[in-house]
Amino acid sequence: MDPKQLLKEHIAKTAKLSDNEFDEFFDCFKTKSYKKGAYIITAGERIDGEYFVLSGCIKTFYVNDNQKMFVLQFAMPSCWASDYSALYSGTRATISIGCITDTELLCLSHKDREDACKRFHQVEHFFRARMTNEYVASQKRLLSTMNNDVKYRYEELITLFPELYNMVPKRLIAAYLGVSRETLYRLNNS
C-alpha cells in the first residue's frame, strides 16, 4: 500500500483531518528503509524521532548489564516505535530498535510532531489517543506477566499476533515473554 494512504487510514481511525491538513502533516515525515539486522536506534545515542512502520517488522529491546535481551515490542505495519523516554526528556536512548526483516518506515521528528500538534487539533488528539492506548496495552501486558503463566502469555501473544510465529525468530519471542529458548521450545511441543 502507498505510504501516504496507509498513514491516512491509520490516523482516520482516531482523528478527522481534512485532505489539506493531512497533506501538510504528511509532509513532516521522511521515508527511511532499513535492511534486516540494521539498527534504527542504538542505546546510548541521542534520538529525535519516532517511527511508523510501513512494511516489515522491528523489535524494541533492552539489553541489561549481563547482556540479557528483553524485547519490549514487536512493531509491524501501522505500529509506532521509539524510545519515548529519551525522546521526551532529551536524554540518551536506553533501548534499541532493530529490524527483524527488511523494513520501511516513516520518521517524524519531535519538533515536527510538536509543530503539527500546535497547528492541527486533530493531530494532537490522534497522538494523545495513541499514547493512551499504548499505555493501556503496556499495563495489560505487565499485569499479564504478573498474573499469568508463560504458556498462557505465549498463547495470548500468538492469538493476538499470529503472523509473529512465522516472522519472528523464536529466541526473540522468548525474550519478549521473558523466558529461555528452551522453555519456549517446551511450550511449542506440549
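Hi everyone, let me start with a single residue, R113. Setting aside neighbours within four places in sequence, R113 is in contact with E50, Y88, L108, F127, R130 and M131. You will find R113 in helix α4, which covers residues 110–119. Is R113 buried or exposed? It counts as buried, because its relative accessibility is 7% and the cut-off for buried is under 20%. Please keep in mind throughout that this is a predicted model.

Now let's step back to the whole protein. There are nine helices and eight strands. The C-alpha atoms fill a box of roughly 55 × 35 × 30 Å along the principal axes. How does the radius of gyration sit against the value for a compact globule? For 190 residues, such a globule would come out near 16 Å, and the protein has 17 Å, so the two agree.

Of those 190 residues, 42% are buried. On the outside, the protein exposes about 10700 Å², and carbon and sulfur atoms supply 52% of that area. As for charges, there are 26 positive and 24 negative ones, and their mean positions are 6 Å apart. Contacts also reach across the sequence: among those with a separation of 6 or more, 69% join residues 24 or more positions apart.

Next, the interior. In soluble globular proteins, nonpolar side chains tend to be buried together. Here, the largest nonpolar core has 38 residues. Which of its members touch the most others? They are L7, F25, I40 and I58. There is also a second, separate core of 21 residues, and I100, Y154, V168 and A174 are included in it.

Let me stay with I40 for a moment. Beyond its neighbours within four places in sequence, I40 has contacts with Y34, E45, Y51, I58, I97, C99 and L105. Two of the names there, Y34 and I97, come back when we turn to Y39, whose contacts outside its own four-place neighbourhood are Y34, F61, S96, I97 and G98. Y39 belongs to strand β2, residues 39–41. Its relative accessible area is 48%, which lies between the 20% and 50% cut-offs, so Y39 is partly exposed. Y39 and I100 are 61 residues apart along the chain, yet their C-alpha atoms are separated by 9.6 Å. You may remember I100 from the second core.

On to a loop. Where does T94 lie? It is in the loop between α3 (84–89) and β7 (96–99). T94 is partly exposed, with a relative accessible area of 48%. With neighbours within four places left out, T94 is in contact with A43, Y62 and D83. The C-alpha atoms of T94 and Y84, ten residues apart along the chain, have a separation of 9.9 Å.

My last stop is S144, in helix α5, which runs over residues 121–147. Its relative accessible area is 8%, and because buried means under 20%, S144 is buried. Which residues does S144 contact beyond four places in sequence? They are Y152, R153 and E156.

So that you have something to look for on the screen, try these spots: R113 in helix α4, Y39 in strand β2, T94 in the loop between α3 and β7, and S144 in helix α5. Thanks for listening!

Technical notes: Residues numbered from 1 in each chain as written. Predicted model: local features only at pLDDT ≥ 70, side-chain atom pairs only at ≥ 80, totals over all residues. Heavy atoms only, no water. Helix = DSSP H or I, 4+ residues; strand = E, 2+ residues; numbered from the N terminus. Buried < 20%, exposed > 50% of the residue type's maximum accessible area, 1.4 Å probe, protein only. Contact = heavy atoms within 4.5 Å. Rg over C-alpha atoms; globule rule 2.2 N^0.38 Å. Areas by Shrake-Rupley, 256 points an atom, 1.4 Å probe, with all protein chains shown as cover. Lys, Arg positive; Asp, Glu negative; His and termini not counted. Charge placed at Lys NZ, Arg CZ, Asp CG, Glu CD. Core = buried A, V, L, I, M, F, W, Y, C linked by side-chain atoms within 4.5 Å.
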